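This report goes through one protein chain, topic by topic. Keep the sequence and the 3D view at hand while reading.

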Amino acid sequence: MPFIFNMQAANRRGVALAGALLLVYVVWGTTYFAMGIALETMPPLLMNAVRFLCAGGVMLLVALAQGHALPTRVQWRNSAVVGGLMVFLAMNCIGFAQKLGIGSGLMATVVTTMPMWLALWTHWGGEKVPTTSWAGLALGVVGALLLALEGDFSASGWGALLAFGAPLCWSIGSYASRRLSLPPPAMASAAQWLVGGAMGLVVALWFEPVQQLAHVSTRSWLAWGYLLVLGTLVALNAYLWLLQNTSAALAGSYSFVNPAVALLAGVALGGERLTGWVFAALPLMGAALALILYGAALAGLWARLRGRLQSPGVMG
């Protein structure tokens, strides 16, 4: 597991799980706001490429300091698959979709399909996905759709195709990270981010002159620093830990919680106003999380209650 969640004692596992979920829910929710500030003056492809190259360099130093060896040839190949899918393809699909005019409402809604894809790959891979988790994921998508109704649903053909490709690539990369042989977590993060960032840099240099970085404002650099430190080094490490230590449904639940957090951040920091759709969406998201987190317990409680209601003593 990543170095910041390297907790060996079993009695701390629940704390680690809650902490990782909280980081992914809250930090990635606020990155929507931070990314908007960064993109005010930063070219999007270079922003992501430099972000992941820097994060990968930091993680490489951490991994070497922990005494880890460099990845083997097979581990580099597997890390390139995961990093290529998640860092290069998924992130740049979003960037190009936004460049081609994809509406914010459609983009937010499409992203919520990620845990459904991840659960599907997990199911096809032979892992059991409880019915309550499927129900929770479906409720989460409906809640996120209601939340996005106030957004812009405009799209071009290529923009829509890229928007749908982003969660598809992210989900395949997430599933691959659960199944492929990878180096120890800190080194795995370093390898994935360095390779994915390098791929992104090649594409970025083709479309965006590097000289544009000389004109980036201080405000945008500060937002980029937030994305680097909290969005990548902290929250993305937390997500990778969740992929290895909890169900696919719970790890992917961030995708329908993040829009709610982003909206609340916009209200608190950006002066946005809540609409009636928010108050319809938030209870659905709460119910979705309850089904994913406590689905087995709720199903057991319902079975016992139904058994009591159907017993002769109760019916008579």
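## Burial and overall make-up

The chain has 316 residues, and 46% of them are buried. Here a residue is called buried because its relative accessible area is under 20%, and exposed because that area is over 50%; values in between are called partly exposed.

The secondary structure consists of 13 helices and zero strands. Read from the N terminus, the order of elements is therefore a run of α after α, in the pattern α-α-α-α-α-α-α-α-α-α-α-α-α.

## Confidence in the model

The model is predicted. Its mean pLDDT over the chain is 83, and 84% of the residues reach at least 70. Which elements have the highest and the lowest mean pLDDT? Helix α2 (residues 44-65) has the highest, at 95, and helix α13 (residues 312-315) has the lowest, at 52. Where pLDDT is low, the predicted coordinates should not be read in detail.

## Aromatic pairs

The count of aromatic pairs is nine. One of them joins W28 and W170, with ring centres 6.2 Å apart and planes at 75°, an edge-to-face arrangement. This pair connects distant parts of the chain: W28 sits in helix α1 (residues 13-38) and W170 in helix α7 (residues 157-179), 142 residues apart. Both W28 and W170 are buried. Together with Y239 and Y254, W28 and W170 make up one aromatic cluster.

How do the rings of W121 and W124 lie, and what are the distance and the angle between them? Their centres are 5.7 Å apart and their planes stand at 55°, so this pair is tilted. The angle is neither under 30 degrees, which would count as stacked, nor over 60, which would count as edge-to-face. W121 and W124 are both in helix α5 (residues 114-124), three residues apart, or about one turn of the helix. Is each of these two residues buried or exposed? W121 has a relative accessibility of 16%, so W121 counts as buried. W124 has a relative accessible area of 62% and is therefore exposed.

## Salt bridges

Side chains of opposite charge can pair when their charged atoms come close. The structure holds two salt bridges. In one, the side chains of E40 and R219 meet at 3.0 Å, N to O. E40 is in the loop between α1 and α2, while R219 is in helix α9; the two are 179 residues apart, so the bridge links distant parts of the chain. E40 has a relative accessibility of 47% and counts as partly exposed. R219 is also partly exposed, with a relative accessible area of 47%.

The other bridge is formed by the side chains of R178 and E127, at 2.7 Å from N to O. This pair, too, links distant parts of the chain, with R178 in helix α7 and E127 in the loop between α5 and α6 (131-147), 51 residues apart. How accessible are the two partners, R178 and E127? R178 counts as buried because its relative accessibility is 18%, whereas E127, at 28%, is partly exposed.

## Two buried positions

E208 lies in the loop between α8 (185-207) and α9 (218-245). Its relative accessibility is 3%, so E208 counts as buried. Which atom does the side chain of E208 reach? The side chain of E208 comes to 2.9 Å from the backbone nitrogen of L46.

L228 is placed in helix α9. With a relative accessible area of 12%, L228 is buried. The C-alpha atoms of L228 and C54 are separated by 7.8 Å, although these residues are 174 apart along the chain.

## A nonpolar surface patch

Four residues, L293, Y294, L298 and L301, make a nonpolar surface patch of about 390 Å². One of them, L298, is found in helix α12 (residues 276-310). Why does L298 count as partly exposed? Its relative accessibility is 39%, a value that is neither under 20% nor over 50%. Patches are made of residues with over 30% relative accessible area, and the 39% of L298 fits that cut-off.

Technical notes:
Residues numbered from 1 in each chain as written. Predicted model: local features only at pLDDT ≥ 70, side-chain atom pairs only at ≥ 80, totals over all residues. Heavy atoms only, no water. Patch = residues over 30% accessible without salt bridge, like charges linked within 9 Å, V, L, I, M, F, W, Y side chains within 5 Å. Areas by Shrake-Rupley, 256 points an atom, 1.4 Å probe, with all protein chains shown as cover. Helix = DSSP H or I, 4+ residues; strand = E, 2+ residues; numbered from the N terminus. Buried < 20%, exposed > 50% of the residue type's maximum accessible area, 1.4 Å probe, protein only. pLDDT = per-residue confidence, 0-100. Polar contact = N/O pair within 3.5 Å; in protein donor to acceptor, adjacent residues only side chain to side chain. Phe/Tyr/Trp six-rings, centres within 6.5 Å; stacked < 30°, edge-to-face > 60°.
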